[in-house]
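Let's walk through this one in a few quick questions and answers. Have a look at the model first.

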Amino acid sequence: MKDLGKVIAVHRKAYKLTQSRLAEKLTEYDIYVKPNSVSSWESGISLPSSKQLLAICEILNIYDIYTEFIGTNPDNPFRNLNKEGVDKVLEYTRLLEKSGDYRMAEIISLHVIRERRVYYAAVSAGNGSFLNGEDYEVYSSADIPEKADFGVYISGESMEPIYHDRELIWIEQTEQLEDGETGIFYLDGNAYVKKFQNNKKGTYLVSLNKAYEPMPITESSSFKIFGRVLS
């Protein structure tokens, strides 16, 4: 296996990119690193994540990742050809493309890319924390539910095993929930993600983790429903 950092450095220099410029171009892929991170990768101190590596390959036009980082790709049809042979194959490929008879059909994506706000302040699944309505990032994905109005992160473990600490959940904004629905709530100064109980037994915010007691909602409580959990 080849030295990953050295391969990145060779291709970066071939494109006449500084480490700072490569770090800057990674922001186009929603990857935010400092130039010293690129330096650490190239010197072997640390390794880029899979997402970072794929973005680097896209920026530096590294298409045969197996050959570049591991060795000769057994699935590479050019592996037994010298440069002259490869050039002839590429020339013939260009002729086939030019004819128009062998072009791939255009693929129309059926995925709808949605953009929603994701708030940095986590809603607590344990002790509770304030939901800051101004501190957020815009998240783009085809996986965002159609009904989602915004996203938040969970903090804590009281909604295990369904919802996990630091998990991103999507919320449909509403002030009305039915008994048994999961939502996010404001209660006496804190924000929570809980199951809503509202029946003859009383009104409570209920944790899925049985180690946490239900939180009663009384007439004196300062209470508000923010929305319904969709994911």
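Q: Which residues does Thr182 touch, not counting residues up to four places away in sequence?
A: Quick ground rules: this is a predicted model, where local features need pLDDT of at least 70, side-chain atom pairs count only at pLDDT 80 or more, and totals for chains, interfaces and linings use all residues. Residues are numbered from 1 along each chain as its sequence is written, and side-chain values use heavy atoms, with hydrogens and water left out. With contact meaning heavy atoms within 4.5 Å, Thr182 touches Met159, Tyr163, Leu177, Val193, Lys194, Lys195, Arg228 and Val229.

Q: Is Thr182 buried or exposed?
A: Thr182 sits in strand S5, residues 182-187 (strands are DSSP runs of E, at least two residues; helices are runs of H or I, at least four; both are numbered from the N terminus). Buried means under 20% relative accessible area, exposed over 50%, partly exposed in between, with a 1.4 Å probe and protein chains only. Thr182 has 15% relative accessibility, so Thr182 counts as buried.

Q: Which helix gives the most residues to the largest nonpolar core?
A: A nonpolar core is a set of buried Ala, Val, Leu, Ile, Met, Phe, Trp, Tyr and Cys residues joined through side-chain atoms within 4.5 Å. The largest one has 18 residues, and Ile8, Leu26, Leu60 and Phe69 have the most contacts inside it. H1 (4-14), H2, H3 (35-43) and H4 each supply at least two residues of this core. The top contributor, with five residues, is H4.
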